[in-house]
Amino acid sequence: MFSQLMPALRMLAMLTLLTGVAYPLLVTGVAQVAFSHKANGSLVVVGEKTVGSELIGQAFDDPKYFWGRPSATSPQPYNGAASSGSNQGPRNPALADAVKDRIKALRDADPGNNAPVPVDLVTASGSGLDPHISVAAANYQAQRVAKIRGVPAQQVQALIAQHTEGRTLGVLGEPRVNVLGLNRALDQPR
């Protein structure tokens, strides 16, 4: 039995070092050299301060900013360690109540806006971390943001157009707007 156990243990140690140490170090090294921004989380840095990531949504609730998709993560919103959807179906009373509350918050922030509320402003994404909103969701909020900031609506619409990302590979998904990028652009001096 010992004669069979020793080769198996050597093979286990060799494969552990190869696949558990050497290969991850190689892949990490290549990623750091070839794609360092993406390999490090696509972090957005202003000055020396990290303000967010291009890949994970953030909680914006000040009416002078565009609001992103609601997050279903806990214990706080947009918690990357707790990525998941709410698992609430369309007949779940808790989801219906949450959607009503979100619609009320949007209406309270912009009382004159009677347009239909885009669904992505009141429902969480599958990951609960989505950094994007639809172009319709951005357009829905444009008047509120322009009014509160005291800038022409056309200027805000132009920023939305500048920050609209097209379909992936030209065919996958829908055009979308990265909320952090758009809000950062709003804060730039004109």
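# Briefing on a predicted single-chain model

The structure holds 1 cavity of 30 Å³ or more. This is a predicted model, and its protein chain comprises 6 helices and 5 strands. Along the chain from the N terminus, these elements follow the order α-α-β-β-α-β-α-α-β-β-α. The radius of gyration is 23 Å, well over the 16 Å that the globule rule gives for 190 residues, so the chain is more spread out than a compact globule.

**Overall dimensions and burial**

- Taken along the principal axes, the C-alpha atoms of the protein chain fill a box of roughly 80 × 45 × 35 Å.
- Of the 190 residues in the protein chain, 28% are buried.

**Strand pairing: the β1–β2 hairpin**

- Strand β1 (residues 43–46) runs antiparallel to β2, and 4 bridges join the two.
- Leu43 has Ser53 in β2 as its bridge partner.
- The two strands form a hairpin with 2 residues between them.
- Gly47, which lies in the turn of this hairpin, has a positive phi of about 65 degrees.

**Strand pairing: the three-stranded sheet**

- An open sheet is formed by 3 strands in the order β3-β5-β4, with antiparallel pairing.
- β3 and β4 stand at the edges with a single partner strand each, so one side of each is left without a neighbour in the sheet.
- The pairing of β3 with β5 is antiparallel and extends over 3 bridges.
- Ser134 stands opposite Arg176 in β5.

**Salt bridges**

- The whole structure contains 5 salt bridges.
- One of them joins Arg69 to Asp130, with the closest N and O atoms 3.9 Å apart.
- This pair links distant parts of the chain, 61 residues apart: Arg69 belongs to the loop between β2 (49–53) and α3 (93–109), and Asp130 to the loop between α3 and β3 (132–134).
- Arg69 is buried, with a relative accessible area of 16%, whereas Asp130 counts as partly exposed at 22% relative accessibility.
- The cut-off explains the two labels: buried means under 20% relative accessible area, and the value for Arg69 is 16%.
- A salt bridge also connects Glu165 with Arg176, where the closest N and O atoms are 3.6 Å apart.
- Glu165 lies in strand β4 (residues 164–165) and Arg176 in strand β5 (residues 176–178), so that the pair, 11 residues apart, links distant parts of the chain.
- Glu165 counts as partly exposed, at 31% relative accessibility.
- The side chains of Glu174 and Arg167 also meet in a salt bridge, at 3.5 Å from N to O.
- Arg167 is partly exposed, and its relative accessible area is 39%.

**The largest cavity**

- The largest cavity contains about 70 Å³ of space.
- Its lining consists of 13 residues, and those nearest its centre are Gly57, Gln58, Asp130, Pro131 and Val179.
- Asp130 therefore appears in two settings, since it lies among the residues nearest the cavity centre and is also the salt-bridge partner of Arg69.
- By class, the cavity lining comprises 6 nonpolar, 5 polar and 2 charged residues.

**The largest pocket**

- About 270 Å³ of space lies in the largest pocket.
- This pocket is lined by 14 residues, with Phe60, Trp67, Gly68, Pro70 and Arg102 nearest its centre.
- The lining divides into 8 nonpolar, 3 polar and 3 charged residues.

**The second largest pocket**

- The second largest pocket has a volume of about 180 Å³.
- Its lining residues include His37, Lys38, Ser42, Val44, Glu54, Leu55 and His132.
- Glu165, Asn178, Leu180, Gly181 and Arg184 are also among the lining residues of this pocket.
- α2 (36–39) and α6 (179–187) each supply at least two residues of the lining, and α6 gives the most, with 3 residues.
- Glu165 lines this pocket and also forms the salt bridge with Arg176.
- The lining comprises 3 nonpolar, 5 polar and 4 charged residues.

Key: Residues numbered from 1 in each chain as written. Heavy atoms only, no water. 1 Å grid on protein atoms, 1.4 Å probe; cavity = no way out; pocket = protein on both sides within 12 Å on 5 of 7 lines; lining within 4 Å. Points joined across faces, edges and corners; volume = space filled by probe spheres on them. Nonpolar A, V, L, I, M, F, W, Y, C, P; charged D, E, K, R; others polar. Salt bridge = Lys/Arg side-chain N within 4 Å of Asp/Glu carboxyl O. Buried < 20%, exposed > 50% of the residue type's maximum accessible area, 1.4 Å probe, protein only. Pairing = 2+ DSSP bridges. Rg over C-alpha atoms; globule rule 2.2 N^0.38 Å.
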